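The exercises below are to be worked with the sequence and the coordinates at hand. Each task is followed by a solution in steps.

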Amino acid sequence: MLSDTFSRFRLISLIEGISFLILVFIAMPLKYMAGIPLAVKIVGMAHGVLFILFVIALIMASKRYKWKFLSFQLFVYSLIPFGFILIEKIIMKNPPKKLK
């Protein structure tokens with residue numbers, strides 16, 4: 001399943017997107033409404049690591065599949081909540097023909 005760059009990018013995008021939703025909709029309310037700042041520290045650190053992995057996977061996929069403007073567009077979508085759904089929709093519309 002994860003033997004090609006495209007599959008790895010899709011998986012990392014999904015996990016990073018879910019971690020962003022957990023950070024925004026669970027950890028942040030716990031910090032500001034329940035007074036539990038530890039939630040943001042833990043989830044924020046995990047999300048930060050996953051975001052770095054996402055950027056690395058995006059760069060690798062961009063080089064391998066010659067995405068030019070698309071890589072910028074995907075990066076911007078990664079900055080908004082639920083953006084990983086848009087990313088999945090866009091990359092699956094025209095998946096690479098030759099997966100490496």
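## Exercise 1: Overall fold

Task: State what share of the contacts in the protein with a separation of 6 or more comes from residues 24 or more positions apart, and describe the elements.

Solution. Residues 24 or more positions apart make up 66% of the contacts with a separation of 6 or more. The model is a predicted one. Next, list the elements: the protein has four helices and zero strands, and from the N terminus on the order reads α-α-α-α. For the dimensions, take the C-alpha trace, which spans about 50 × 20 × 20 Å along its principal axes. Finally, turn to the surface. Of the 100 residues, 32% count as buried. The accessible surface amounts to about 6500 Å², and 74% of it belongs to carbon and sulfur atoms.

## Exercise 2: The buried side of α4

Task: Find the buried residues of helix α4 (residues 83–93) and determine how they are arranged about its axis.

Solution.
1. The buried residues of α4 are Gly83, Phe84, Ile87 and Ile91.
2. Viewed down the axis of α4, these residues fall within an arc of 95°, so they line one face of the helix.
3. An α-helix has 3.6 residues a turn, so residues three or four places apart point the same way.
4. On the face turned away from the buried side, α4 carries the exposed residues Lys89 and Lys93.
5. The cover over the buried residues of α4 includes α1, α2 and α3 (69–77).

## Exercise 3: A nonpolar surface patch

Task: Work out which helices each supply at least two residues of the nonpolar patch, and classify Leu30 and Phe25 by accessibility.

Solution.
1. The patch consists of Leu14, Ile15, Ile18, Ile22, Phe25, Ile26, Leu30, Ile36, Leu38, Ile42, Phe82 and Ile85, which together have about 1100 Å² of accessible area.
2. Helices α1 (5–33) and α2 (38–65) each supply at least two of its residues. The largest share, seven residues, comes from α1.
3. Leu30 is found in α1. Its relative accessible area is 33%, so Leu30 is partly exposed.
4. Phe25 also has its place in α1. Because its relative accessibility is 47%, Phe25 counts as partly exposed.
5. Leaving aside residues up to four places away in sequence, Phe25 touches Pro81 and Phe82. By contrast, the C-alpha atoms of Phe25 and Lys63, 38 residues apart along the chain, are separated by 33 Å.

## Exercise 4: Aromatic pairs

Task: Count the aromatic pairs in the whole structure, then give the geometry of Phe6 with Tyr65 and of Phe51 with Phe54.

Solution.
1. A search of the whole structure finds eight aromatic pairs.
2. In the pair of Phe6 and Tyr65, the ring centres are 6.2 Å apart and the planes stand at 90°, so the pair is edge-to-face.
3. Phe6 lies in α1 and Tyr65 in α2, so this pair ties together parts that are 59 residues apart in sequence.
4. Both partners count as buried: Phe6 has a relative accessible area of 3%, and Tyr65 is at 12%.
5. The pair of Phe51 and Phe54 is stacked, with 6.3 Å from centre to centre and 25° between the planes. These two residues are three apart in α2, so about one helical turn separates them.
6. Phe54 counts as buried, because its relative accessibility is 0%.
7. To finish, assign the residues to a group: Phe6, Phe9, Phe51, Phe54, Tyr65, Trp67 and Phe75 form one aromatic cluster.

Note on methods: Residues are numbered from 1 along each chain as its sequence is written. This is a predicted model: local features need pLDDT of at least 70, side-chain atom pairs count only at pLDDT 80 or more; totals for chains, interfaces and linings use all residues. Side-chain values use heavy atoms; hydrogens and water are left out. Patches are made of residues with over 30% relative accessible area and no salt bridge: like charges are joined within 9 Å, nonpolar side chains (Val, Leu, Ile, Met, Phe, Trp, Tyr) within 5 Å. Accessible areas come from the Shrake-Rupley method with a 1.4 Å probe; for residues, only the protein chains shown count as cover. A salt bridge is a side-chain nitrogen of Lys or Arg within 4 Å of a carboxyl oxygen of Asp or Glu. Buried means under 20% relative accessible area, exposed over 50%, partly exposed in between (1.4 Å probe, protein chains only). The arc is that of the directions from the helix axis to the C-beta atoms. Contact means heavy atoms within 4.5 Å. Rings of Phe, Tyr and Trp (its six-membered ring) pair if their centres lie within 6.5 Å; planes under 30 degrees apart count as stacked, over 60 as edge-to-face and the rest as tilted.
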